[in-house]
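Reader: I have a structure open and want to learn how to read it. Where do we start?

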Amino acid sequence: NDSWLRRKISRLIELCVQCTPMLFSARGCHVWLLCNNSCINVYSVVSLVLSVRVSPQFSHCLRSCPVVAASGLAILPLFLLKTLKSLFPYLGEDCVYMLRSLRLGLRLTKYKKIKPFYSIVDCFLDAVRRNPRKTFLHFEGRAYSYEEVDKQSNQVARALQATAGLKEGDTVALFLGNEPCYVWLWLGLAKIGCPAALLNFNIRSKSLLHCFSCCGAKVLITSAELKDAVEEVLPTLQAQDISVYLLSETCNIQGINPLSDKISQASDQPLSRDLRANVNIKTTALYIYTSGTTGLPKAAVITHERLWAASFLQSVSGVTSEDVFYINLPLYHSAGFLIGMTGAIERGITIILRRKFSASQFWDDCRKHNVTVMQYIGETMRYLCNTPRNHSVRIAIGNGVRTDVWTEFLNRFGDIKVRELYAATEGNIGFINYTSKVGVVGRANFLHKKILPYTLIKFDIEKEEPVRNAQGLCVEAARGETGLLVGKITKISPFSGYAGNQQQTEKKRLRDVLKKGDLYFNTGDLLLIDRDSFVYFQDRVGDTFRWKGENVATSEVADILTMVHCILEANVYGVKVEGHEGRIGMAAVTLKERETFDCSDTFKQVANYLPAYARPRFIRVQPCLEMTGTFKMKKVRLVEEGFNPADIKDPLYFLDPEKKAYVPLTEEIYAAIASREIKL
């Protein structure tokens, strides 16, 4: 009975307290056992478990008292767990992540085999059937249920079939800001098997026209706010036989057709699945413009397989069907559209959509709508550190946050699980930080590397190329050493490339990496994996840098600069600014013979052809540009020297938006930038 057992255990404790030094071969492993309000210091539990020598006195004790033996065996799992936890502090989180990944991988495999193909649209329709009246979308005080969005998308599909003659496989470009119709326009297109090209609403002129030629879109849908930008290129669009539709009841511009009236008059009845009968896992679902949506954007091909994989990131991060997701990043961006919107469909949750990020309104929105999951880029998280604290957010998903901002954010807002990730829109490898470790973008584990093979290789920053050995193969970076991340291109981890741009697609392919004939995707990013298997983002190399959450392609910005009448050559790069994430644009230029730098004309050129985040804020005029032995422009020293006029003898200029011109960069202006008196 209990009292007898209690007496025996109490006696055992007293005996053990007296005999502890001779019970085990001491190995220095201390475990504290709490029993009947007493405490025993037991040595080398692991030695016992592994059948290492046990003292004769203790063996006799176990034989003479089976209860003692049984009790000891019962507590051994606890000791093992404690020991494993101390040796492998992230084992539990690793296991949860790997189990979730396996489960999602099996789901994706299942979807690949189902006939007909089960797409994210079918997932949305299932959510409509399960919870027709559940709010899918909140926008500026109006709530839209799953059923309402479904009906709106049916009307869109029917209107575009009738008006534009759309059929399965036709590409449609969406040139819109963040608004509810973005969601049901895409759903409507997907229901009839039409890929959508998501255009950055900051692009203009040459860039805007380029988007159609590379993805093959024959229809453009835009909003009243962007009508002027479309009207500017309308003659060229008409010459290319591109149909333009405006989300308005009326339009008095010849060549731009109103669409809203057609949508409102169309039937909202469900559409036949046969309209997308040929869509499969490898079919193109979207074109998302990457490497910077600057001078000449590249259209990354997003297949339905990639769409599903991106939508799973919410699940991996621990988002459930009860969560409320806040999207203030642009929907033309992979973060807002793939992770945010399609991830919400996969989870069957509610979205709070804003036109753009607002630090002053952010937490008000979160409190008002009981937001539990937020998105961020590094810059936005920094802004939020100066705002009120009260909220119900439990998960933050994003990328690009500095360690100091991350720490400040957690100190201010409490135990929010920050899921910092590393990925590229077109890439075939990514990481996510599923632990509480600050400053990392993920963890390396055997399962991840087995399914999506990758490696870090040594990279020569001066030559801007991978280091190769005598056999012509790349050299793997050691643990704790910075290296270029490359992902092996396989059937499971493909690289679909860029639409209409075979040259740029080939540029991203790296051959003969670890053995002759293999093929890898070159991310263009330097990462580091430490001895504890944590992954750190180090820097971006080559022709791209990141500013204000956007990628900027240096070669494309250079092309725009060399169109200025006074500029002969331009070498564009990104420089760090204290207190800001990413790098801001700067260009070293040489001038044509007998020309002086034209501050006004250069400003007009970059303002007309480049969005604000891609415009070089600093210009350095040099007598000549330094080249490598293979005639590539050298950037490393320029990046290191930055833009401090006290250290640089070359003439420096600063883009002043108020004066609408480049002005000489003085030490006073530099000091104002450093003190943040001048906002960048």
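Author: What follows goes from the whole chain to a sheet, the cores and two loop residues. Keep in mind that this is a predicted model.

Reader: How many helices and strands does the protein chain have?

Author: There are 23 helices and 32 strands in the protein chain. The chain has 680 residues, and 53% of them count as buried. About 31000 Å² of the protein chain is exposed, with carbon and sulfur atoms supplying 53% of that area.

Reader: What share of the contacts join residues at least 24 apart?

Author: Take contacts in the protein chain between residues at least 6 apart in sequence: 66% of these join residues at least 24 apart.

Reader: Now a sheet. In what order do the five strands of the open sheet lie?

Author: The general idea first. Strands of a sheet pair through backbone hydrogen bonds, either parallel or antiparallel. Here the order is 28-29-30-31-32, and the pairing is mixed. Strand 28 (567-575) and strand 32 (661-664) are the edges, each pairing on one side only. On average, neighbouring strands of this sheet are turned by 30 degrees against each other, direction ignored.

Reader: In which sense do strand 30 and strand 31 pair?

Author: Antiparallel, over three bridges, between residues 618-621 of strand 30 and residues 652-656 of strand 31. For a handle on the register, take R620: its bridge partner in strand 31 is L652.

Reader: Which strands does helix 20 touch as it packs on the sheet?

Author: Helix 20 (residues 554-561) touches strand 28, strand 29 (584-591) and strand 30. The direction of helix 20 makes about 145 degrees with that of strand 28. Helix 21 (residues 599-609) also packs on the sheet, touching strand 28, strand 31 and strand 32. The direction of helix 21 makes about 135 degrees with that of strand 32.

Reader: Next, the interior. Which residues have the most contacts inside the largest nonpolar core?

Author: In soluble globular proteins, nonpolar side chains tend to be buried together. The largest nonpolar core here has 81 residues, and L174, W186, I221, L286 and W308 have the most contacts inside it. Helix 8 (residues 180-191) gives the largest share of this core, nine residues. Select L286: beyond four places in sequence, the residues it touches include W186, A196, L198, F337 and L338. A second, separate core has 44 residues, among them I584, C599, L652 and V663.

Reader: Let me try a loop residue. Is T425 buried or exposed?

Author: T425 counts as buried because its relative accessibility is 15%, and the cut-off for buried is under 20%. The residue is found in the loop between strand 16 (417-422) and strand 17 (431-432).

Reader: Which residues is T425 in contact with?

Author: Leaving aside neighbours within four places in sequence, they are I288, T290, A300, I302, R306 and S334. The side chains of T425 and S334 are joined by a polar contact of 3.0 Å.

Reader: How many residues of helix 14 are buried?

Author: In helix 14 (residues 334-347), 14 of its 14 residues are buried. Just after helix 14 comes G348, with a positive phi of about 70 degrees.

Reader: Why does I114 count as partly exposed?

Author: Because its relative accessibility is 29%; partly exposed lies between 20% and 50%. I114 is found in the loop between helix 5 (91-113) and helix 6 (120-130). Compare sequence and space: I114 and N280 are 166 residues apart in sequence, yet 9.8 Å apart from C-alpha to C-alpha.

Terms used
Residues are numbered from 1 along each chain as its sequence is written. This is a predicted model: local features need pLDDT of at least 70, side-chain atom pairs count only at pLDDT 80 or more; totals for chains, interfaces and linings use all residues. Side-chain values use heavy atoms; hydrogens and water are left out. Two strands pair if DSSP finds at least two bridges between them. Helices (H or I, at least four residues) and strands (E, at least two) are DSSP runs, numbered from the N terminus. Axes are lines fitted to C-alpha atoms, for helices over the stretch in contact, and angles run from 0 to 180 degrees between N-to-C directions. Contact means heavy atoms within 4.5 Å. Buried means under 20% relative accessible area, exposed over 50%, partly exposed in between (1.4 Å probe, protein chains only). Accessible areas come from the Shrake-Rupley method with a 1.4 Å probe; for residues, only the protein chains shown count as cover. A nonpolar core is a set of buried Ala, Val, Leu, Ile, Met, Phe, Trp, Tyr and Cys residues joined through side-chain atoms within 4.5 Å. A polar contact is a pair of N or O atoms within 3.5 Å; within protein, one must be able to donate a hydrogen and the other to accept it, and residues adjacent in sequence count only if both atoms are side-chain atoms.
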